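Biologist: I'd like to go through this one with you and check the labels against the numbers. Could you walk me through it?

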Amino acid sequence: MSDPAKVRRHAERIRELVASLVRSQIKDPRLGMITITDARITADLRDATVFYTVLGDAAAQASTAAALESAKGMLRSTVGKALGLRHSPTLTFVLDDVQDQVKHIDDLLAAARTADAEVQRLAAKSSYAGDAQPYRVEEDDEEASAEDEDDEEPRAGERR
């Protein structure tokens with residue numbers, strides 16, 4: 001097992017290397033506006049996953065994925081030489097769909113705000129079904145017991 005700090009350093013180095021190689025070495029016309037967002041590597045330093053985003057529609061994403069797959073061998077050998085490891089890590093490219101998730105969360109929040117506004121609008125028009133205060137309060141209990149004492153008739157032999 002490798003040191004977690006060493007694994008993090010290698011993952012960061014892989015992200016930087018792949019980003020610079022994509023920018024400078026890959027001349028594939030299918031490659032779109034790509035951003036390398038993250039890289040993760042296993043503890044044994046054998047497999048690396050590189051996350052990327054592409055500006056554009058689904059066709060641009062598909063063509064960029066194909067360009068990265070075709071350049072995978074060159075990227076792997078360059079990354080392996082730069083890291084100086086015994087075994088070059090295999091590279092797996094994963095489309096990072098952060099923008100889609102952000103849009104979905106924004107849509108959910110907007111729906112929640114709309115539902116909250118509707119509940120507040122209905123609550124403003126409504127009134128209580130029963131008394132405003134359905135529970136006894138201590139003050140009411142003391143007043144009620146005082147009234148009960150006044151209403152009682154004196155018993156035989158008692159004076160008021």
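Modeller: Sure. Contact here means heavy atoms within 4.5 Å. By that cut-off, and leaving aside neighbours within four places in sequence, Val-50 is in contact with Ile-14, Val-18, Ile-36, Asp-38, Ala-39, Leu-91, Thr-92, Phe-93 and Val-94. Bear in mind that this is a predicted model.

Biologist: How much confidence does the predictor give the chain, and where is the mean pLDDT lowest and highest among its elements?

Modeller: The chain has a mean pLDDT of 85, with 86% of its residues at 70 or more. Among the elements, helix 5 (residues 138-151) has the lowest mean, 61, and strand 3 (residues 90-95) has the highest, 94.

Biologist: And what is the pattern along the sequence?

Modeller: It reads α-β-β-α-α-β-α-α, with five helices and three strands.

Biologist: Which residues have the most contacts inside the largest nonpolar core?

Modeller: Ile-14, Val-18, Val-50 and Phe-93, in a core of 27 residues. Helix 1, strand 1, strand 2, helix 2, helix 3 and strand 3 each give two or more residues to this core. The largest share, seven residues, comes from helix 1.

Biologist: What makes Leu-45 count as buried?

Modeller: Buried means under 20% relative accessible area. Leu-45 has 8% relative accessibility, so it counts as buried. This residue is in the loop between strand 1 and strand 2. Its phi is near 60°, a positive value in a residue other than glycine.

Biologist: Why is Glu-12 called partly exposed?

Modeller: Partly exposed is the band between under 20% and over 50%. Glu-12 has a relative accessible area of 34%, so partly exposed is the label. Arg-15, with 23%, is partly exposed by that rule too.

Biologist: How do you know that Glu-12 forms a salt bridge with Arg-15?

Modeller: The rule asks for a side-chain nitrogen of Lys or Arg within 4 Å of a carboxyl oxygen of Asp or Glu. For Glu-12 and Arg-15 the closest N and O atoms are 2.5 Å apart, so the pair is a salt bridge. Both residues lie in helix 1, three residues apart, about one turn of the helix.

Biologist: Where else do two salt-bridge partners lie three residues apart in a helix?

Modeller: In helix 4, with Glu-118 and Arg-121, again about one turn of the helix. Their closest N and O atoms are 2.4 Å apart, so that pair passes the 4 Å cut-off. Glu-118 is partly exposed at 36% relative accessibility, and Arg-121 is partly exposed at 38%.

Biologist: How many salt bridges does the rule give?

Modeller: The count comes to seven. Among them is the one between Arg-40 and Asp-38, at 3.3 Å from N to O. Asp-38 is partly exposed, with a relative accessible area of 27%.

Biologist: Then why is Asp-96 said to have no salt bridge?

Modeller: For Asp-96 the nearest side chain of opposite charge, Arg-40, is 7.4 Å away, and the rule needs 4 Å or less, so no salt bridge is counted for this buried residue.

Biologist: What polar contact does the side chain of Asp-96 make?

Modeller: One of 3.0 Å, joining the side chains of Asp-96 and Thr-37. Asp-96 is in the loop between strand 3 and helix 4. Beyond its neighbours within four places in sequence, Asp-96 is in contact with Thr-37, Phe-51, Tyr-52 and Thr-53.

Key:
Residues numbered from 1 in each chain as written. Predicted model: local features only at pLDDT ≥ 70, side-chain atom pairs only at ≥ 80, totals over all residues. Heavy atoms only, no water. pLDDT = per-residue confidence, 0-100. Helix = DSSP H or I, 4+ residues; strand = E, 2+ residues; numbered from the N terminus. Buried < 20%, exposed > 50% of the residue type's maximum accessible area, 1.4 Å probe, protein only. Lys, Arg positive; Asp, Glu negative; His and termini not counted. Polar contact = N/O pair within 3.5 Å; in protein donor to acceptor, adjacent residues only side chain to side chain. Core = buried A, V, L, I, M, F, W, Y, C linked by side-chain atoms within 4.5 Å.
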